[in-house]
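Here is a quick walk through a fold, meant to be read with the structure open beside it. Have a look at the model, then read on.

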Amino acid sequence: MIPSLEEMSLEELWQLFPIFLREHQAEWKDWYDEERLQLLSFLPANQLVRISHIGSTSVKTIWAKPIVDILLEIPKETDMAVRRDLLLQNGYLLMSESQGRMSFNKGYTPSGFAERVFHLHLRYEGDHDELYFRDYLQEHPAVAKDYERLKLSLWKQYEHNRDAYTEAKTEFIKNYTEKAKKLYGGRYEGEDR
């Protein structure tokens, strides 16, 4: 009998769900668009600030893990636990929770990845550095290629250690996120997109 995901150790999960990268696929935008509509079908529109496609699958020029990242920003006065429960009732699994942040996934099964896989980042409005990083990569192809090279160099080394893979990218991401915030100013402050 296959154990449930909740019963597996972190090491078992990393073996079942290794890091792998592939060339950009145009279908990733379609996956995002369809999942966005699905989210809008059950989340109260008046309690949403913005839904955004983030992460490497949103950058057309680089290799990425075939996992579509979605940033879901909600108003600061919204009860995050209520949003969590709605997401859990609609096929998402809670991966992690910290102050003002929750991460979910969809498409992880006891036998491996489903055809479509999503990571959803639930945040309060204004906690959206990923938007700046995404825009910077989209608008600076040479930096996007540097990021791709970094990820490709880490892929096999950390294929079965997602935390170490993520940590090894952190300095690069922080550096260019700060550059983007200086360049773009308050691009995402106080407006719906």
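What follows covers the sheet, the helices packed on it, the nonpolar cores and one helix pair; keep in mind that this is a predicted model.

## The sheet

Let's start with the strands. There are five of them, forming an open sheet with mixed pairing, and the order across it reads 1-2-5-4-3. Strand 1 (50-54) and strand 3 (93-98) sit at the edges; each has a single partner strand, so one side of each has no neighbour in the sheet. From one strand to the next, the twist averages 20°.

Strand 4 (residues 101-109) and strand 5 (residues 112-124) run antiparallel and are joined by eight bridges. Across this pairing, Phe104 stands opposite Leu120 of strand 5.

## Helices on the sheet

Helix 2 (residues 27-42) packs on the sheet, where it touches strand 1, strand 2 (68-74), strand 4 and strand 5. Its direction makes about 160° with that of strand 1.

Then there's helix 4 (residues 129-139), which lies across strand 1, strand 2 and strand 5. Helix 4 runs at about 45° to strand 1.

## Two nonpolar cores

Which residues touch the most other members of the largest nonpolar core? They are Leu39, Ile70, Leu87, Tyr92, Leu120 and Leu122, out of 22 residues in that core. Helix 2, strand 2, helix 3 (80-89), strand 4 and strand 5 each give two or more residues to this core, and helix 2 supplies the largest share, with five residues.

Leu120 is a handy residue to click on. Leaving aside residues up to four places away in sequence, Leu120 touches Leu39, Ile70, Leu72, Leu87, Tyr92, Met102, Ser103 and Phe104. So much for that core; a second, separate one has 17 residues, among them Ile54, Ile62, Phe172 and Tyr184.

## Helix 4 against helix 6

Helix 4 also packs with helix 6 (residues 162-184), at an angle of about 85° and with the axes 8 Å apart. An angle between 65 and 115 degrees counts as roughly perpendicular, so that is how helix 4 stands to helix 6.

On the helix 4 side, the contact is made by Asp129, Tyr132, Phe133, Asp135, Tyr136 and Glu139. Helix 6 brings Phe172, Ile173, Tyr176, Thr177, Lys179, Ala180, Lys181, Leu183 and Tyr184. By type, the residues of this contact of helix 4 with helix 6 come out as nine nonpolar, five charged and one polar. Phe172 and Tyr184, both in this contact, also belong to the second core.

Note on methods: Residues are numbered from 1 along each chain as its sequence is written. This is a predicted model: local features need pLDDT of at least 70, side-chain atom pairs count only at pLDDT 80 or more; totals for chains, interfaces and linings use all residues. Side-chain values use heavy atoms; hydrogens and water are left out. Two strands pair if DSSP finds at least two bridges between them. Helices (H or I, at least four residues) and strands (E, at least two) are DSSP runs, numbered from the N terminus. Axes are lines fitted to C-alpha atoms, for helices over the stretch in contact, and angles run from 0 to 180 degrees between N-to-C directions. Contact means heavy atoms within 4.5 Å. A nonpolar core is a set of buried Ala, Val, Leu, Ile, Met, Phe, Trp, Tyr and Cys residues joined through side-chain atoms within 4.5 Å. Buried means under 20% relative accessible area, exposed over 50%, partly exposed in between (1.4 Å probe, protein chains only). Angles under 35 degrees count as roughly parallel, over 145 as roughly antiparallel, 65 to 115 as roughly perpendicular and the rest as oblique. Ala, Val, Leu, Ile, Met, Phe, Trp, Tyr, Cys and Pro count as nonpolar, Asp, Glu, Lys and Arg as charged, and the others, Gly among them, as polar.
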